[in-house]
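Open the model in your viewer and keep the selection panel at hand. The tour goes from enclosed space to open space.

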Amino acid sequence: MTDSTTAAGQGNPDYRDGGLVFPPAFTFGSATASYQIEGAFDEDGRGPSIWDTFSKTPGKVFNGDTGDVADDHYHRLDEDLDLMASLNLQAYRFSIAWPRIQPTGRGPANQAGLDFYGRLIDGLLARGITPVATLYHWDLPQALEDEGGWMSRATAEAFGEYARIVGEAFGDRVHTWTTLNEPWCSAYLGYGSGAHAPGKMSPEGALAAVHHLNLAHGLAVLALREVVTNDPEFSITLNLHSIRGHGPTGAEAARRIDALANRAFTGPLLKGAYPDDLLEDTKQVTDWSFVEPGDLAIIHQPIDVLGVNYYSTVTVSIWDGVSPRANADGHQNVGGSPWPGSDIVEFHVQPGPYTEMGWNIDPSGLFDLLVQLRDEFPEQPLMITENGAAFADTVTDGAVHDVERVDYLRRHITAAHRAIDAGVDLRGYFVWSLMDNFEWGYGYSKRFGIVRVDYDTLERTPKDSALWYAELAASNTIPA
Ligand code: FCB
């Protein structure tokens, strides 16, 4: 860690430098996801997804909130496109809802679904905003879940077909294709802890899901490459964990969590193999026989850019089996474990300050993660595809003076700049999120937007952070 210590120490220790200039080609954008913003849950042929089912299951989502209406983006597309342009966004990362394209996850395309995303992509291009399309941000068609979902290999194969349909439709216009958003969450929260849809709690199922998601990525990249006609970039977005060890067992605990959270994805995706220590750590849970001959070659596709989502750090040790146990991995604890085979790892409460999610604010964790990736994958360009913060915003005379969010963004974007100075090939930064939205298990109780959404009127109001970010995106310079 000498590199990071030295480079991170070069600026202001609190990461509030101001005035830093990014390279002209560096991209500043914002991100959203279909189920979190679109609404129109049963319109124009959209089929149900696992998040429709999950959010309507009592007790699963805070306050019984659902994405039925969300931000009503589906009906306010033009207004939202104009909003993005007014904020000088250079790129927009959105996701395509699989059940709008294939209502049951298989079969012919639903033209109305394709039309909606066609209008979105054309609207972006008309405004000079680069489209960055994610194929899967967690809204699996419910019909596929009924056949086993990501625990089943057939879902990966269906995903390849879905990618082909979308690639045929938009493969002349999309700049960057991202196959999956945070497969860690899909696998371990969806099938391990049960905090996310479909709410299953199966350690083996979670690891099977890891593999089938990796396989789905490979099949999708192969299908897209066959059908696209422009020269797009291919990517996947991972929520890689920035891990610190605590005490004498910290190194072993960090190794285990790094294997499950990070290398279970970067291993097959970027090196063509699952790490030996991951297989060893999980051997009581599964023999990994769901990995079939040829799968790793499919998964191991060259990608143009690796998407990194970063919010906070984790600190771990091995539980001594006696002391009261901390359980602060930053995720809702609903009973199941998101750490198959490594339940002995204890997650420590992090030093503050914290965001409204209870996640600690630590820009050095972002810097360290980027530098570690540079060291492990020196040839792999990176992009921060999500970073941002929820705070309890208040409206004052029609404005939202979200000083904490501006400060969060300033400090993390400074960390990104220092990573570039340290030799990281970092291509862009996307703030999460363009606007307040359905925050999964937390419903509408957590506001991540740089634009406020009034959930009674659905009116959009740029917060001070949006104005600050617009200045940054116009100049590639961190405003003073
Ligand atoms: C990420 C998700 C995104 C949003 C942020 C806060 O894990 O990709 O949809 O919920 O967290």
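What follows is a walk through the cavities and the largest pocket of a predicted model.

**Stop 1: the cavities.** Begin inside the protein. Four cavities of 30 Å³ or more are counted. The largest of them has a volume of about 60 Å³.

**Stop 2: the lining of the largest cavity.** Select Ile50, Trp51, Tyr136, Trp138, Trp150, Cys185, Ser186, Tyr191, His196, Ala197 and Pro198. These residues line the largest cavity. Now colour by element. Helix H3 (50-55) and helix H9 (183-193) are the elements that give two or more residues to this lining. Which element gives the most? H9 does, with three residues.

Next, colour the same lining by class. Nine residues of the lining are nonpolar and two are polar. Charged residues are absent from the lining of the largest cavity.

**Stop 3: the largest pocket.** Clear the selection and move on. How much space lies in the largest pocket? About 630 Å³. The pocket is lined by 37 residues. To centre the view, select Tyr311, Ser312, Gly330, His331 and Trp359, the lining residues closest to the centre of the pocket.

**Stop 4: elements and classes around the pocket.** Show H9 and strand E8 (313-318). Each supplies at least two residues of the lining of the largest pocket. H9 thus appears at both sites, with three residues in the lining of the largest cavity and at least two in that of the largest pocket.

Finish with the class colours. The pocket lining divides into 17 nonpolar, 16 polar and four charged residues.

Conventions:
Residues are numbered from 1 along each chain as its sequence is written. This is a predicted model: local features need pLDDT of at least 70, side-chain atom pairs count only at pLDDT 80 or more; totals for chains, interfaces and linings use all residues. Side-chain values use heavy atoms; hydrogens and water are left out. On a 1 Å grid over the protein atoms alone, a cavity is a set of points where a 1.4 Å probe fits but cannot get out, and a pocket is an open set with protein on both sides within 12 Å along at least five of seven lines; lining residues have an atom within 4 Å of a point. Grid points are joined across faces, edges and corners, and a volume is the space filled by probe spheres set on the points. Helices (H or I, at least four residues) and strands (E, at least two) are DSSP runs, numbered from the N terminus. Ala, Val, Leu, Ile, Met, Phe, Trp, Tyr, Cys and Pro count as nonpolar, Asp, Glu, Lys and Arg as charged, and the others, Gly among them, as polar.
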